[in-house]
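Here are my notes on the model, point by point. Please read them with the coordinates open.

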Amino acid sequence: MSIVESITTRRNIKQFKPDPISKDDILSWLQAATMAPNHRMTEPWQVLFIGPETRAKLNHKTDFGGAPVVLVIVAEPGKTPVDSEENIVAASCFLQNFMLAAHEHGVGTGITSLGATPTGRAILEVPDGYAVVATVPVGYPADVPSPKARTPIMDKLKQLP
């Protein structure tokens, strides 16, 4: 699958099959994701593997669509507010790389902000200053939604002098 095909066919999956995903595969995709751009090689991401007890405490309305694996991507704080923002951007690039690597192998991912709520942060024991980028269910899709229309890129461009 080409990178453009991977980007344009990846979907946010809401329902998953119960089939297990190899932890070795997940670790391989996470390792590949570390090639994400990041300023000054700070590699400011952390990955939390959510176990059954923590998952139950998070109490997601659909139990993450039955995904066999749930991850949380966290960005470390920076020394300055700008550094902290750059860390969130880098961790987001890391997350996108992971999602595309999983998709290439037929594994779906979703994204939810549940872990970023005050209650979610407390359950996940996220320290102050760290940003929860996303909670990510991972598994084989039970259903792949059709693509939603996107705004033409020309509507999002601005030429500066």
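1. Asp83 sits in helix α4, which spans residues 81-104. The model is predicted. Asp83 has a relative accessible area of 15%, so it counts as buried, the limit being under 20%. Beyond four places in sequence, Asp83 touches His39, Arg40 and Gly78.

2. One of those contacts carries charge. The side chains of Asp83 and Arg40 form a salt bridge, with N to O at 2.9 Å. This pair joins distant parts of the chain: Asp83 belongs to helix α4, whereas Arg40 is in the loop between α2 (23-33) and β1 (45-49). The two are 43 residues apart. Burial differs across the pair: Arg40 is exposed at 61% relative accessible area, while Asp83 is buried at 15%.

3. Arg40 has a second partner. Its side chain also meets that of Glu86 in a salt bridge, at 3.7 Å from N to O. Here too the pair links distant parts of the chain, with Glu86 in helix α4 and Arg40 in the loop between α2 and β1, 46 residues apart. Glu86 is partly exposed, with a relative accessible area of 28%. Taken together, Arg40, Asp83 and Glu86 make up a network of salt bridges.

4. Check the backbone of that loop. Most residues other than glycine have a negative phi. Arg40 is not a glycine, yet its phi is positive, about 50°. Met41 likewise has a positive phi of about 50° without being a glycine. Met41 is found in the loop between α2 and β1, and Arg40 lies in the loop between α2 and β1 as well. Met41 is exposed, with a relative accessible area of 59%. Arg40 is exposed too, at 61%.

5. How many salt bridges does the structure hold? The count is four. Among them is the pair Arg55 and Asp63, whose closest N and O atoms are 2.8 Å apart. Arg55 counts as buried, at 13% relative accessibility. Asp63 is partly exposed, with a relative accessible area of 38%.

6. Arg121 deserves a separate look. It lies in helix α5, residues 118-124. Arg121 is buried but has no salt bridge. Which side chain of opposite charge is nearest to Arg121? That is Asp128, 4.8 Å away. A salt bridge needs nitrogen and oxygen within 4 Å, so a pair at 4.8 Å does not qualify. Leaving out residues up to four places away in sequence, Arg121 touches Gly115, Ala116, Val126, Pro127, Asp128, Gly129, Tyr130, Ala131 and Val132. Asp128 is thus listed both as a contact of Arg121 and as its nearest side chain of opposite charge.

7. Gly108 is in strand β3, residues 108-109. Gly108 counts as buried because its relative accessibility is 6%. Its C-alpha is 7.5 Å from that of Asn12, with their positions 96 residues apart in sequence. Apart from neighbours within four places in sequence, Gly108 contacts Ile13, Phe16, Pro137, Val138, Gly139 and Pro141.

8. Next, the pockets. The largest pocket has a volume of about 320 Å³. Its lining consists of Ile7, Thr8, Arg10, Arg11, Asn12, Lys14, Gln96, Pro145, Ser146, Pro147, Lys148 and Arg150. By type, that lining divides into three nonpolar, four polar and five charged residues.

9. The second largest pocket has a volume of about 150 Å³. Asn12, Ile13, Lys14, His60, Lys61, Thr62, Phe64, Gly65, Gly110, Ile111, Thr112 and Pro137 line it. The split is four nonpolar, six polar and two charged. Asn12 and Lys14 appear in the lining of the largest pocket and also in that of the second largest pocket. Ile13 and Pro137, in the lining of the second largest pocket, are also among the contacts of Gly108.

Notes. Residues are numbered from 1 along each chain as its sequence is written. This is a predicted model: local features need pLDDT of at least 70, side-chain atom pairs count only at pLDDT 80 or more; totals for chains, interfaces and linings use all residues. Side-chain values use heavy atoms; hydrogens and water are left out. Helices (H or I, at least four residues) and strands (E, at least two) are DSSP runs, numbered from the N terminus. Buried means under 20% relative accessible area, exposed over 50%, partly exposed in between (1.4 Å probe, protein chains only). Lys and Arg count as positive and Asp and Glu as negative; His and the chain ends are not counted. Contact means heavy atoms within 4.5 Å. On a 1 Å grid over the protein atoms alone, a cavity is a set of points where a 1.4 Å probe fits but cannot get out, and a pocket is an open set with protein on both sides within 12 Å along at least five of seven lines; lining residues have an atom within 4 Å of a point. Grid points are joined across faces, edges and corners, and a volume is the space filled by probe spheres set on the points. Ala, Val, Leu, Ile, Met, Phe, Trp, Tyr, Cys and Pro count as nonpolar, Asp, Glu, Lys and Arg as charged, and the others, Gly among them, as polar.
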